[in-house]
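Thank you all for coming; I would like to walk you through one structure today, beginning with its charged pairs and then turning to its nonpolar interior.

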Amino acid sequence: MTTTNASHPTHTHAPRMLLHEVAPDVQKAMIGLEIAARKDLDPTLIELVKIRASQLNHCSFCLDMHTKDARRMGESEERIYLLSAWEEAVGLYTEKEQAALALTEAVTVLTDGFVPDAVYERAARSFEEPELARLISLIVTINAWNRIGVTTRLFPGAYKAHA
């Protein structure tokens, strides 16, 4: 259902389905991909990539989850808040993080149907090839999770970051 409040549409809804209950084998396969993609990547970088892709995909469930996880790992509020404007937040993100965020945006949006050479080359300069392969896999994985969350209308709030 869509309602209007001060000319801004808002959506009120319940989840359409709990995919993990309906198709547990798919959930298990996604978790396997997630584990493989994360291997040897910096945990802070992982959460920044997941938050940025989730912002672009408007996945509130994943945004809730990954901002909580990032905070639990000690990520600053400032870096989380400014992530959507990372290119303008000079000095807050390392070159490696910036390269990963640029690649995340290119892979997530694919507006021109491809990842620009300059974006890929920047990432290739910042990451060793095995690490870059995992980063690409991580970006693909969070995009799949986002699409599941948005399509099935998972809603934020219930996720608790584990200690």
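**Charged pairs and nonpolar cores**

Let me start with Glu77 and Arg71, which form a salt bridge whose closest N and O atoms are 2.6 Å apart, a salt bridge being a side-chain nitrogen of Lys or Arg within 4 Å of a carboxyl oxygen of Asp or Glu. Glu77 is partly exposed at a relative accessible area of 30%, and Arg71 is likewise partly exposed, at 35%, where buried means under 20% relative accessible area, exposed means over 50%, and partly exposed lies in between (1.4 Å probe, protein chains only).

Before going further, I should say that this is a predicted model, in which local features need pLDDT of at least 70 and side-chain atom pairs count only at pLDDT 80 or more, while totals for chains, interfaces and linings use all residues. Residues are numbered from 1 along each chain as its sequence is written, and side-chain values use heavy atoms, with hydrogens and water left out.

How many salt bridges does the structure hold? There are 10, and another of them pairs Asp64 with Lys68, with 3.2 Å between the closest N and O atoms. These two residues, Asp64 and Lys68, sit 4 residues apart in helix α4 (residues 60-72), so about one helical turn separates them; helices here are DSSP runs of H or I, at least four residues long, numbered from the N terminus. Asp64 counts as buried at 15% relative accessibility, whereas Lys68 counts as partly exposed at 22%.

A third pair is Glu95 with Arg122, where the closest N and O atoms are 2.8 Å apart. This salt bridge links distant parts of the chain, since Glu95 lies in helix α6 (residues 95-109) and Arg122 in helix α7 (residues 117-126), 27 residues apart. Elsewhere, salt bridges that share partners join Glu34, Arg38, Glu47 and Lys50 into one network.

Turning to the interior, the largest nonpolar core has 27 residues, and those with the most contacts inside it include Val49, Leu83 and Phe127; such a core is a set of buried Ala, Val, Leu, Ile, Met, Phe, Trp, Tyr and Cys residues joined through side-chain atoms within 4.5 Å. At least two residues of this core come from each of α3 (43-57), α6, α7 and α8 (129-151), and α6 supplies the largest share, 7 residues.

Apart from this core lies another, of 10 residues, among them Phe61, Cys62, Met65 and Ile142.
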